[in-house]
Every structure is written in C-alpha cells, then in structure tokens.
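Q: Could you take a close look at the surroundings of the ligand for me, and then show how that part fits into the rest of the chain? I would like one connected account.

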Amino acid sequence: KNKLCWFRTDLRVHDNPALFEATESGLTIGLFIVSAAQWQIHNDSPVKVDLWLRALRELEQALARLNIPLKILTVPLWSDVPQALLAFAQAHDIDEVHCNREHGLNERRRDRTAYQLLSAHGINLLGHHGTTLLMPGSIKTGSDTYYKVFTPFARACRTQLRQAPLRLYPCPAKQQPKRLPASDPIVESIEGFAGVPTSIQQAWPVDDDAIEARIESFLTNRVSHYETARNYPALDGTAKISAYLAAGLISASQCFHAALSVNGGESETGDKGITTWVTELLWREFYQHLMFGFPELSMHRPMRPETAGVQWRNATADFQAWCEARTGIPIVDAAIRQLVTTGWMHNRLRMIVAMFLTKNLLIDWRWGEAFFMRHLIDGEFAANNGGWQWSASTGADSAPYFRVFNPVSQSEKFDPDGLFIRQWLPELAHLTSKEIHDPGQLARTSAGYPLAIVDLKSSRLRAIEAFSALKT
Ligand code: FAD
C-alpha cells in the first residue's frame, strides 16, 4: 500500500514531520489541494496565493529529487475535500494519509470530517505536529487553562523548550523509483488571484537557498541591532521571513534552531537581539495557541466579551480613505501604500494603522483585519486576528483602551527623518523632517495632499469614552 503526504501550509521537505513519517512507512505520493473558492472566503490575497504556486513548483522539484511525485487536486471548497481525498486515496492504493496539523477552526473541521470519512473506508489520516514550536494545548496554566497573558505564556514555553529540546526532522531519503504516478503540472496563476507584479515575486524568492541566505544574513549581520532597529520602518531591521513562515516554506523550529546556533545554544541569555527575536517567534506561537484554545476567535468574536458592545462607527467613507491612503496622516498613508504595493507592512506600522483605524476612526477591527488579509503576503489568521485585537483593545493581552497611540508622535519617534514617509509619499518629499509628520503643517504647506480626515485629540477621547462606557 502507498502513503500520501497531504501538503497544506508546510511546503517544504526539511523539518516536515508529515513528509518524513510518510516516507518512513512506505512509498509516498505528495498531494496539494487547490480550493480557490475557499481561499476567496478566507480573504487570502493574490500575492499569498502566488507565493504558494511558486513554492509548489519548487517543492515539486525537491520532491522529484526524492522520487516523490506531487499531485494536484482542484475542488472549490474545503467541504469538498474529504470526498476528493477518499477518491484519490482509493485510486492510488493509499492506506495512510499524513499531514501536519493546522490549528484554525475551519482547518480542524475540514480535517476531522476527512478523518471520519477516510477511516470509514479503512484509510488512516495521521496528523503530525509541525506548524508551531509546541503543540497548542500543551502549554497551560497551573489551573489547566489557556494562557491569556503573553509574558507567563512565553516563560512557560521557554521552560518547556529547555526541558525538551526541539527535534528537527531531516529531509527524507530518496525512495525507490517505482510504479507511482507522474507529478501534475502546477498552474502559473489562478483566476481571482492573478496579476501579481514581478517586483513582489523578486522580493520573496521561494527557493531554499534564497530563504536560507535571508535567515543567515539576518542572524549574522543584523540581529545584534534587532532590539532597536526593528521599530524603525525605514531600516531593514527585521528578518522579513513572515511570508515563509506563514506558507510553511520554513518551520518555526528551524528558525528557533538557527537563532540558538548563533547564540551558543541559548535562547534566554546571550545576544539581546537573539532573545528578543525568539520572543517574537513566541508571539506567533501565542496567537496560534489562542486560536486553538478559543474557537470564538475564528467566529469574528472578540477575546474580551465585554468589548462586543463597543459602538463602532459605520463610517464607510472614512474606511475607504484609510484603505486608499487618503487619511491625511502621513505615516498612516505611507504604511498603507507599502502594504498595497508590496504585500508586506512593517510591524510598527501595522500597529499604528490598526490603532488609528480602531481608535481615532472608531471603525470595527474586523474591517481592518479583512483588508489586511486581502493584501498581506504573510496573512495568517492567528497573527492577524491577534494583532488586530491587540490594537483594538479587544484581545487577550491587548493594549489598554486608554493608551491610544498618537500616530504623529509615533511617526516622529520611529521615522524621525521622515525617510519612510518620503519613500512612499514622494509628494511630501520636499518637506523638512520637522514638517513631514504633522498633518496641520502639511495642510498649510503641501497642496494636493489631503487634510487629516479626523482630529487626533478629540477622536482619541471619543474612543476612550466608547470603551469606558462599557464598564458602567
Ligand atoms: P521579525 O521581526 O523578523 O520576526 C520573526 C517572525 O516572528 C515573524 O516572521 C513572525 O512570524 C513572528 N512575529 C513577529 N512579530 C510578531 C507578532 N507581533 N505577532 C505574531 N508573530 C510575530 N504576522 C504574520 O505573520 N501574519 C499576519 O497576518 C500578521 N498580521 C498582523 C496584523 C497586525 C495588526 C499586527 C500589529 C501584526 C501582524 N503580524 C502578522 C505580526 C508582525 O507584524 C509580522 O509577523 C512581522 O511584521 C513580520 O516581519 P518579519 O518577518 O520581518 O518579522
């Protein structure tokens, strides 16, 4: 009997537990399921889907070197997946399907239904742990509940990682070239997700060598400045690997190991840049564990139930201005242009634009969350939902509602010379470093750039009132 490795967001041959275990138990076929209608429902962006298709072509070649064919199935929705998997397994004499567990609610429902259908026909679906550092559900408080606060969660993760060091799975051995079907061709693009500029494809190459070089260059040249540089959007201060982690072109464990290897095997002491970077990997982990532990997060509900009562403004024109970089707040507009043009936005800016939308404009965080997903190359439900709920003060360990970022002060602090603003808003490039941040100044000096759509002071108070009203 043959084995199947069902690839999802784990498009790699190294440190892939499902692939490794499948090949250990028999002759293996790889499979990827294209489900464009489902991707549309999830707001998956064209840039992300394009990255998946490019990554699949790389994967097909890497698998071919191991004599593993990669087959492609196409179904509209995940509800069609179990039946399609069963038919495929029966047609190819498969008795075991291996996959790495995905922790989103819809993903788990899909897998549970597939498991039930396959097992009713004598086929085993085996889920492996390969998406996070630690299995969601394995890190709990003393009273067996999920952590809702990051710092103790991260401490518990670190203890666990120290006590039971992570194991990386090697690339599987080459299998015997035998009677397996040929690989399927991988389409260049899919309707609804086409037209991705080559500049984005070049910015996010998908071959192993380029990805490895990116991590190595960050960990050898830039990580020691990470603690401060990571806050400045004009600097190349972060690793820029989020799209790879989201698509599973690399695993979190590989990143963790790479960090330790340049820090004498330590993740808690030594280079401050490394320990801070590991903390960021643990933020990713935190949001994945929350998504697993609190299914309501996947049902458009806030983590803090009382915040469901916030009276968000149904301000479509303001939202449109935010989406189109016309708010008149330079750092916000520059950040949105970065996102829409490149598919990526710097973390500091994600916080600034999210806080501006949810506080100054008092617009529902779910609108911003969906907009981000439709544009991000690294769009990942858990991190995106977590980031939005953090900024909106509706989340687990979120910014307190009364601590509203002032986007102009943030801009002055983290883009002091306006380098980032100048790059994305060339119409303001002639302004001095002092003038460039301030919408009031701009209104006087720069014709053509919109006036601020909201007064920062009074809108801040309006947001605080909207939240404080919930307590009474
Ligand atoms: P680095 O600073 O080099 O960090 C390394 C890795 O750690 C990242 O690639 C990422 O996987 C993880 N990480 C870093 N910061 C965070 C964080 N705050 N939360 C969770 N994981 C983190 N990240 C996504 O991967 N996908 C998203 O859809 C996403 N949406 C976000 C939405 C909002 C409103 C906010 C505030 C943050 C969001 N983030 C998201 C987190 C963060 O902005 C990106 O992970 C980061 O900018 C990626 O850049 P990098 O790879 O250079 O990160």
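**The shell around the ligand**

A: Happy to. Domain 2 (132-166 + 205-293) and domain 3 (305-471) each give at least three residues to the shell around the ligand. Please keep in mind that this is a predicted model.

Let's begin with the residues themselves. The ligand has 27 residues around it, and those that come nearest are Thr238, Ala239, Ser242, Asn384 and Gly387. Sorted by class, the shell comprises 13 nonpolar, 7 polar and 7 charged residues. Several helices take part: at least two residues of the shell come from each of α10 (242-247), α12, α15 (347-360) and α17 (381-392).

One of these helices, α12, is worth following further. Helix α12 covers residues 272-293, and its axis comes within 10 Å of the axis of helix α6 (residues 150-163), the two crossing at roughly 105°. An angle of 65 to 115 degrees counts as roughly perpendicular, and that makes α6 roughly perpendicular to α12. On the α6 side, the contact is made by Phe150, Phe153, Ala154 and Cys157. Facing them from α12 are Thr279, Leu282, Trp283, Glu285 and Phe286. The residues of this contact between α6 and α12 divide into 7 nonpolar, 1 polar and 1 charged.

Next, a helix pair with residue numbers in the range of domain 3 (305-471). Helix α14 (residues 330-342) packs against helix α18 (residues 407-414) at an angle of about 70°, and their axes are 8 Å apart. These two helices are therefore roughly perpendicular to each other as well. Pro330, Ile331 and Val332 of α14 make the contact with Pro407, Gln410 and Ser411 of α18. By class, the residues of the contact of α14 with α18 are 4 nonpolar, 2 polar and no charged.

Finally, the wider setting. Besides the two domains that supply the shell, the domain assignment of the chain gives domain 1 (2-130). The centres of domain 1 and domain 3, taken over C-alpha atoms, are separated by 38 Å. These two domains do touch: 7 residues of domain 1 are in contact with 9 residues of domain 3. The side of domain 1 that touches domain 3 has 2 nonpolar, 3 polar and 2 charged residues.

To return to your starting point, the ligand's shell draws on both domain 2 and domain 3, with Thr238 and Asn384 among the residues that come nearest.

Definitions and conventions. Residues are numbered from 1 along each chain as its sequence is written. This is a predicted model: local features need pLDDT of at least 70, side-chain atom pairs count only at pLDDT 80 or more; totals for chains, interfaces and linings use all residues. Axes are lines fitted to C-alpha atoms, for helices over the stretch in contact, and angles run from 0 to 180 degrees between N-to-C directions. Helices (H or I, at least four residues) and strands (E, at least two) are DSSP runs, numbered from the N terminus. Angles under 35 degrees count as roughly parallel, over 145 as roughly antiparallel, 65 to 115 as roughly perpendicular and the rest as oblique. Ala, Val, Leu, Ile, Met, Phe, Trp, Tyr, Cys and Pro count as nonpolar, Asp, Glu, Lys and Arg as charged, and the others, Gly among them, as polar. Domain bounds come from an automatic or database domain assignment. A residue is near a molecule or strand if its C-beta atom, placed from the backbone, lies within 6 Å of it.
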